[in-house]
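This report is meant for someone looking at the structure for the first time. It takes up charged pairs, then the helices, then a surface patch and a few single residues.

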Amino acid sequence: MSEQYPVKTPEAREQSGRDLATLVYLIQAISLFTAVPFFIGVIINYVKRGDVRGTLAESHFRWQIRTFWFSILWFVVGWATVWIFGLGFVILGISWIWVVYRVIRGWLVLADNRPAY
């Protein structure tokens with residue numbers, strides 16, 4: 001006998017996606033002080049990406065994934081250039097501020113029930 005999973009209503013899918021996006025914004029905010037949760041957040045984004053397709057949360061997942069990858073890029077560039085008269089520290093600082101902006105802006109836009117883009 002085969003068990004079937006209950007089909008979620010569009011409203012339930014939307015709420016579930018919003019809840020997941022909120023969780024990832026929280027994880028990204030915590031990641032500003034310790035990097036490990038940042039990886040957990042992006043894993044959640046990739047694993048649950050199909051579940052939020054076609055919902056408001058889809059744009060937030062894309063926003064969060066891009067925030068992760070660009071912050072990694074700038075982290076690597078910052079550390080690679082740290083020996084050039086402290087230029088790397090400036091890059092790292094600007095990158096950190098940029099992540100703060102992305103988390104706050106994304107979270108506020110989600111709270112207003114609007115897409116990230």
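A search of the whole structure, which is a predicted model, finds 3 salt bridges. Side chains of opposite charge can pair when their charged atoms come close. The pairs and their N to O distances are set out below.

| Salt bridge | Closest N and O atoms |
|---|---|
| Lys48 and Asp51 | 2.9 Å |
| Arg53 and Glu58 | 3.9 Å |
| Asp112 and Arg114 | 3.6 Å |

How exposed are Lys48 and Asp51? Lys48 has a relative accessibility of 30% and counts as partly exposed. Its partner Asp51 is also partly exposed, at 41%. In the pair formed by Arg53 and Glu58, Arg53 has a relative accessible area of 47%, so it is partly exposed. Glu58 is partly exposed as well, with a value of 27%. For the pair of Asp112 and Arg114, the accessibility of Arg114 is 42%, which again counts as partly exposed.

**The helices**

Helix α1 has 21 residues, which at 1.5 Å a residue should span 30 Å. The end C-alpha atoms of α1 are 30 Å apart, in agreement with that expectation. The buried residues of α1 are Gly17, Arg18, Leu20, Ala21, Val24, Tyr25, Ile27, Gln28 and Ala29. What covers these buried residues includes α2, α3 and α4.

Helix α3 runs over residues 56-80 and has 25 residues. From its first C-alpha to its last, α3 reaches 37 Å, close to the 36 Å expected at 1.5 Å a residue. Buried residues in α3 include Leu56, Ala57, His60, Phe61, Trp63, Gln64 and Phe68. Gly78 is also buried in α3. An α-helix has 3.6 residues a turn, so residues three or four places apart point the same way. The buried residues of α3 pack against α1 (10-30), α2 (36-48) and α4 (87-111).

Helix α4 has 25 residues and reaches 36 Å between its first and last C-alpha atoms, close to the 36 Å expected at 1.5 Å a residue. Its buried residues are Gly88, Ile91, Leu92, Ser95, Val99, Arg102, Val103, Gly106, Val109 and Leu110. They pack against α1, α2 and α3. After α4 comes Asn113, whose phi is positive, near 60°.

**Annotated spans**

Where does the record place the feature "transmembrane region"? The UniProt entry, which is unreviewed, puts it at residues 20-47 and 68-101. Over residues 20-47 the model is 82% helix and 0% strand, and the end C-alpha atoms are 11 Å apart. For residues 68-101 the end C-alpha atoms lie 13 Å apart, and the span is 82% helix with 0% strand.

**A nonpolar patch on the surface**

Phe75, Val76, Trp79 and Phe89 make a nonpolar surface patch of about 450 Å². Which helix gives the largest share of the nonpolar patch? That helix is α3, with 3 residues. Trp79, one of the patch residues, lies in α3. It is partly exposed, because its relative accessible area of 45% falls between the limits of 20% for buried and 50% for exposed.

**Thr81 and Ile72**

Thr81 is placed in the loop between α3 and α4. Is Thr81 buried or exposed? Its relative accessibility is 16%, so Thr81 counts as buried, the cut-off being under 20%. Leaving aside neighbours within four places in sequence, Thr81 is in contact with Leu87, Gly88 and Ile91. Gly88 and Ile91 are themselves among the buried residues of α4.

Ile72 is found in helix α3. With a relative accessibility of 24%, Ile72 counts as partly exposed. Ile72 and Lys48 are 24 residues apart in sequence, and their C-alpha atoms are 21 Å apart in space. Lys48 is the residue that meets Asp51 in a salt bridge.

Technical notes
Residues are numbered from 1 along each chain as its sequence is written. This is a predicted model: local features need pLDDT of at least 70, side-chain atom pairs count only at pLDDT 80 or more; totals for chains, interfaces and linings use all residues. Side-chain values use heavy atoms; hydrogens and water are left out. Helices (H or I, at least four residues) and strands (E, at least two) are DSSP runs, numbered from the N terminus. The expected span of a helix is 1.5 Å times one less than its number of residues. Buried means under 20% relative accessible area, exposed over 50%, partly exposed in between (1.4 Å probe, protein chains only). Contact means heavy atoms within 4.5 Å. Patches are made of residues with over 30% relative accessible area and no salt bridge: like charges are joined within 9 Å, nonpolar side chains (Val, Leu, Ile, Met, Phe, Trp, Tyr) within 5 Å. Accessible areas come from the Shrake-Rupley method with a 1.4 Å probe; for residues, only the protein chains shown count as cover. A salt bridge is a side-chain nitrogen of Lys or Arg within 4 Å of a carboxyl oxygen of Asp or Glu. UniProt positions are given in the numbering used here, feature names are shortened, and annotations may be inferred rather than shown by experiment.
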